[in-house]
Amino acid sequence: MSPAASPPVLELQGGFTGYGDSVVVNDVSISVGQGEVVCLLGANGAGKTTLMRAITGLLPLMQGRLVFRGEDISKMPAHDRVRAGICLSPEGRQVFPELTVMENLVLGGFNKRAREFRQRNLDRVFDLFPRLSERKTQAAGLMSGGEQQMLAIARALMGEPKLLALDEPSLGLAPKIVLTVFDAIKTIAQSGITILLVEQNTRAALTVAERGYVLSAGKIVHEGSARELMQSEMIQKAFIGAIYDGDKKRVTRRERRLAALAGKADHA
Amino acid sequence: MSTTRVVILLGVLLAVAVIVPHLLPPVMDDWAIRFATLLLIAVSWNLMANAGLISLGHSGFWGLGAYSAGLFANVTQLPFWVSIFPAMALGAAFGFCLAFITGRLRGLFFAIATLAMAEALRVVALMVPALTGGAEGLFLTDHLRPSRETLTSFTLALTVAAVAISYFLSRSRYHYALRAMRDSEAAVQMLGVNPARFRIGITVLSGAMAATAGMVSAWYTGYLEPGAAFDLKITISAQIAPLFGGLYTVAGPVFGSMALLVVSEVTRLHFGNTAGFGLLAYGIVLVCGVMFMPGGIVGLFRKLRRRPRASMEAV
């Protein structure tokens, strides 16, 4: 679906943000259409997570305008944006380790808008992640990294999102678990939820995303459909080429693994 | 336990709290009042701790409650129980200021800020003798002072209310928001909870509760003095009781306050004549308690019964 077909769910125009005096995200404009899955790609330190923080309201915009479903939310505090419909599965998962899986999920549906859908959403996330329903009463901190990632995504879904923001869902997970997580993301996307995905794992991201933006040093350097990005010289250079210069042997192995991963994901 | 049964239990407790003090010998009334004031401030401290706010400023709430009650009664000459309203109002107001001023401070930084504010209040009480009587202290109007039995009933009724508040809060959805704030306020905010609102709410509640304890103690002693009303020991015992009984639990402060009272009475009676030794024994018991029962008395019970985690299906 092209972004012009319907008014975008989320639109950032000329966004600047950063920490203190240092500007990390520099004049970035992105838009996410209704029902679209859009990914933000980029290497370490490109500003992906910072941009995500600005969109979810954890970091104020220094300049620029953020419009969500026709409403200017540039100045809206983070907790109100959740009620408006932007639900985040944060980088590094950030589940509440001492609370049970169920308690984490109930907290995810804390906002007023989501409360009445709690039971439906619980059924939905347990359907999506059967592992979680087996571990309802387990303390979240005692689960594996993959399970915690599932919980983080499920918790965001409990908030009845109009835009699901996923920050590095593959971070620190075994390739096999990455597949499971991305399968789930695909299922979520098929159910019609708009997704903004931040990823370093380019290939995995491009298997679910329809469109993507490439960030480098805080600027959008490239954008296009998933297919274009997958074949783009620039992506190859930016994410694979750079490693090539260093240790050729290691990279070939890594590449083979990535290729296998992308292949499997296509079959699934 | 169903809510109806809890309400009935609370009603019974309330009746016991009101009637029993009139039947007890004086020394037991003294124990009851000391237990009850300790329990009030322990519950209050535990509520804040549950939200990740470690307070070292509870003596501030206590002292404010004591002074506002005393001054209010002396000026208006109204019955003693009316003074609970200015005490709670001031405690709540101070709680609001505390939460507002400390903003997003957490952990140690929050604790130090609360300590500083409580100490500042003590100094202020010393420096404005025109209002507080300064270091000379302040006497409460004698004919307004309630009988010991009445005050005991009143205080025990307050503790039943405080424990009830703490219980119902622990069963509400707010509990999960507060408990999660202990782990990470930023993560809670990402779930649509406004941490500032909850922080202010719990500090206001905790402040009002702690101030009632100060108010009771003012009526019990009939005399106020900044050093005693804003004593750091109050803050310390406010956190030892929940720690000893079971941190973050509803029953913890109750068992902890009882245990502390027993330990302090026993050490005082046995080692009372050798000054300091009683305190040493008291200290040793506490250290052993924390070392060997990290979950407190409640934790010990749970371990013995091996009860599985409470189900969340009801929420």
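**View 1. In this predicted model, G42(A) of strand β3 stands opposite L215(A) in β9(A).** Strand β9 of chain A covers residues 211–216, and five bridges join this strand to β3(A). The two strands run parallel. On strand β8 of chain A, which covers residues 194–199, β3(A) has another parallel partner, again joined by five bridges. There, L41(A) stands opposite E199(A). Strands of a sheet pair through backbone hydrogen bonds, and the pairing may be parallel or antiparallel.

**View 2. Strand β3 of chain A, residues 37–42, is largely enclosed by the rest of the structure.** Six of the six residues of this strand are buried, which means that each has under 20% relative accessible area. Which residues point one way from β3(A), and which the other way? V37(A), C39(A) and L41(A) point one way, whereas V38(A), L40(A) and G42(A) point the other way. All of these residues are buried.

**View 3. Four strands of chain A form an open sheet in the order β2-β1-β4-β5.** The pairing in this sheet is antiparallel. Its edge strands are β2 (22–32) and β5 (71–72), each of which pairs on one side only. Strand β1, residues 10–19, and strand β4, residues 63–68, pair in the antiparallel sense over five bridges. Within this pair of strands, E11(A) stands opposite V67(A) in β4(A).

**View 4. Helix α10 of chain B comprises 27 residues, from 195 to 221.** From its first C-alpha to its last, the helix reaches 39 Å, close to the 39 Å expected at 1.5 Å a residue. Is α10(B) largely enclosed or largely open, given that 19 of its 27 residues are buried? The helix is largely enclosed by the rest of the structure, because 19 of the 27 residues are buried. At the start of α10(B), a side-chain oxygen of N194(B) reaches to within 3.2 Å of the backbone nitrogen of A196(B). Just after the helix, G222(B) takes a positive phi of about 75°.

**View 5. A nonpolar surface patch of about 520 Å² is found on chain B.** The patch is made by V123(B), V124(B), L126(B), M127(B), V128(B) and L131(B). Which helix contributes the largest share of the nonpolar patch? Helix α5 of chain B, residues 107–127, supplies that share with four residues. V123(B) lies in this helix. The relative accessible area of V123(B) is 39%, and this residue is therefore partly exposed.

Methods
Residues numbered from 1 in each chain as written. Chains lettered and ligands numbered in written order. Predicted model: local features only at pLDDT ≥ 70, side-chain atom pairs only at ≥ 80, totals over all residues. Heavy atoms only, no water. Patch = residues over 30% accessible without salt bridge, like charges linked within 9 Å, V, L, I, M, F, W, Y side chains within 5 Å. Areas by Shrake-Rupley, 256 points an atom, 1.4 Å probe, with all protein chains shown as cover. Salt bridge = Lys/Arg side-chain N within 4 Å of Asp/Glu carboxyl O. Buried < 20%, exposed > 50% of the residue type's maximum accessible area, 1.4 Å probe, protein only. Expected span 1.5 Å × (residues − 1). Polar contact = N/O pair within 3.5 Å; in protein donor to acceptor, adjacent residues only side chain to side chain. Pairing = 2+ DSSP bridges.
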